[in-house]
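Hi everyone, thanks for making time for this. I have one structure to walk through today, so let me put it up on the screen.

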Amino acid sequence: MTPAPATASRRREIDAQVGLVIFLGATAMLFAALLLAYAIVRSEAPGWPPAGAPPFPRGAAAANTLALVAASLALRRGWARAAFAFGAAFLAAQALLWRHLVSIHLGPAAGALGEVFFALSALHALHVLGGLFALAPTGSRRLRLLTIYWDFVLVIWVVVYVAVCLL
Amino acid sequence: MTAEVEAADGQADEIPPAPKGFLRRFVFSIDHKVIGRQFLFLGLAFLAIGGVMAMLIRWQLARPGVPVPIVGKLLFGPAGGVISPAAYTALFTMHGTIMIFFAVTPVLIGGFGNFLLPLMIGARDMAFPRLNMASFWTMFAATAVLTASFFVPLGPPEAGWTAYATLSTAIGAPGPGQTLWVVAIYLNGASSVMGAVNYITTVLRLRAPGMTYLRMPLTVWGFFLTSILNALFVPVLAAAMVLLFFDRVLGTQFFIAGTTPGAGGDPILYQHLFWLFGHPEVYILILPAWGIVGDLLAFFARKPVFGYRVTVGALVAVVVLSTVVYGHHMFTTGMSPLLGESFMLLTMIISVPTSLLVLSWLGTLWRGAIRTATPMLFCLGMVFTFGVGGLTGLYLADITADMYLHDTYFVVGHFHLIMASALLMSLFAAVYFWFPKMFGRMMNEGLGKLHFWLTFVPLNLVFMGQLVIGYEGMQRRLYDPSVYDFLKPLLPLNRGISHAAYLLGAAQFIFVLNFFWSLAGGARAEANPWEVGTLEWTVASPPPHHNFERIPVVVRGPHELSHPAARSLGRDWLGQAEVLEESPTPTEPA
């Protein structure tokens, strides 16, 4: 422990960052376990993508990524309201993507590819939703914490996208 | 040193005022001491419920198909007071679930972890008091959901505390009870992770000046390491719960094999996810117990811990090893022999650090001036039951022995000797030891000692008896063993175990009586009734709001007992923050 010469508020800010990083570590374990489940489902399947599954709409999913990137960039500039709007846009776009997936027979009950994507993206969406709740009443003091959180949510989404949609 | 004193002064000016009003003080409190008591009472209530379930299970095994006396008509009215197979299955499912997730976890980690961590490291509160409150109320919500699962169509969950697929999927458990169970476990895990984030940050950031890692009481080490495991592995359980929830509600097939061509899931996948969490969970529960017993043995033997650094090293080694041994729960799932042997070897390696722990305990006791107060009796009982429980683990770690013993009562006896004996013993030790600090009153010693003997003896009879009937081949979770010819000769032994269990259950009324009687009218506790040096005993009993008027500056380790320098003070212990007049800058004793 380095004895911080700083003020009490600075100390509390570091406390909060330490706590956030531990929480994100725990969240990373949640997604790691889900990805492990995906790896096992995939390794046990006779072929991948599963026979008869329609091609995954990679482009639409990739486009959604832009909303999360924009949210992260906006937070770096201190634009909390813009970040909120981009985050909400991402959730809306994901909802449209889910509807589309169900309609093309890639829903959660329609086979391994659909169920894996739905499980991972739904959990991810819940974390984005949590980020929106944290953004709503924000003051500038918490912007640093929120930036870390939204960067994390972006990284998780990119990992999910690469693992499920590209590989 | 001066920088440390300044840091202590820097904290002195930020004491928020004590809250006013009943709700803020006792219900939605953000004070770690109140939250700790809330967890304690919630956990003790569920400990009682889980205990009653154990009694009902033992009744069925002793007298299969005979109506339960007294409470039978009330609980199993439609069946004429007889425990039906479905009710029996629900009973052992909920007994395990409640004891592990809703009794031991809240009492030890939520209750004592919350109450003790800030006090023992010299902090005014947890790092995140509001998160702490959220953790308790999330746990409370989890208990509400779990309780609701008793009252839904098709009854409570019946898939065992492990909820193996496909027993727990919509195929094996179509009713909403199992879904509520999944939600309750998820909420319970969320509460644990909130607590873990808080505890880790608190230990990393809020230790008093001079409270180095190697001056922390072992209790703090226990809670710290437990929190690390909680933060890492409870999310894995959460992932299993999420996928199980999806399987049950959204029609995915993660854990259902091959109902759709080319899209089959795998029930074994659930077991991997569950035990990836489940084995660390064993250590999540026992690490605080190890820490508590390590401290208390030194306190009541009036000696420093034998090999403090080795003990801490052993605790850390167990934490690391606990992450790579979970496969020993799955030897019979047809895993590759090479993988199985790796898990066997790693599991057996865990006996090295745990043996060091036992060695440290025995070395601490060796030639100590032992005070046989009630907490000490329970600690000694813990050392014994942990020894037996740990040794029986070696048989189960061995693949060839496990092939025979798997899913028998030998396993039940083994993990009850750890969970329900060693853990329960240290839980009681903690209650008797810290009750004065928590509530400002002493518990009755005579009743405490009676409670110890009437717990320790029957408890060993019950669980060692289970080892025997397991070795004889009786499987766990059997509704009525008497229908099998080869198990019929075990009925007298089963009856004997049940009678010991009833005695064990009845003895707990002594504890309940002692607890509430002492709460209302026990002798007033002074600040330091046990004459030990850790920081929580430097403040009043119960501690004032925000604990310390001035953040203490720690100058020595937690177990400075029988210290030569204390002789001139007319006692045999030194406080962790006590500055001796003879030597203003005391050096670390070797």
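I'll start with chain B, then look at one residue in it, and end with the place where the two chains meet. Please keep in mind throughout that this is a predicted model.

So, chain B. What is it built from? The count for chain B is 17 helices and zero strands. Its radius of gyration comes out at 24 Å, close to the 25 Å that the globule rule gives for 590 residues, so chain B is as compact as a globular protein of that length. If you prefer to think in boxes, the C-alpha trace of chain B spans about 75 × 55 × 50 Å along its principal axes. Of the 590 residues in chain B, 61% are buried. And for the contact-map fans: take the contacts in chain B with a separation of 6 or more, and 80% of them are between residues 24 or more positions apart.

Now let's zoom in on Thr364(B). This residue lies in helix H12 of chain B, which covers residues 351-365. Is Thr364(B) buried or exposed? Its relative accessibility is 1%, and because the cut-off for buried is under 20%, Thr364(B) counts as buried. Who are its partners? Leaving out residues up to four places away in sequence, Thr364(B) touches Leu297(B), Ala298(B), Ala301(B), Lys303(B), Pro304(B), Val305(B) and Phe306(B).

On to the interface. Chain A brings 33 residues to the contact and chain B brings 34 residues. Between them the two chains bury about 2,900 Å², and 73% of that area is on carbon and sulfur atoms.

What about the polar side of things? Across the interface of chain A and chain B, the rule finds one salt bridge. That salt bridge joins the side chains of Arg205(B) and Asp15(A), with an N to O distance of 2.6 Å. There are also three residue pairs in polar contact across the interface, with both residues at pLDDT 80 or more.

Which helices of chain A supply at least two residues each to the side that touches chain B? They are helix H1 (8-44) and helix H4 (112-135). H1(A) gives the largest share of that side, 20 residues. By residue type, the side of chain A that touches chain B divides into 26 nonpolar, two polar and five charged.

That's my tour, and I'm happy to rotate the view for anyone who wants another look.

Notes
Residues numbered from 1 in each chain as written. Chains lettered and ligands numbered in written order. Predicted model: local features only at pLDDT ≥ 70, side-chain atom pairs only at ≥ 80, totals over all residues. Heavy atoms only, no water. Contact = heavy atoms within 4.5 Å. Buried area = accessible area lost by both parts, 1.4 Å probe. Salt bridge = Lys/Arg side-chain N within 4 Å of Asp/Glu carboxyl O. Polar contact = N/O pair within 3.5 Å; in protein donor to acceptor, adjacent residues only side chain to side chain. Helix = DSSP H or I, 4+ residues; strand = E, 2+ residues; numbered from the N terminus. Nonpolar A, V, L, I, M, F, W, Y, C, P; charged D, E, K, R; others polar. Buried < 20%, exposed > 50% of the residue type's maximum accessible area, 1.4 Å probe, protein only. Rg over C-alpha atoms; globule rule 2.2 N^0.38 Å.
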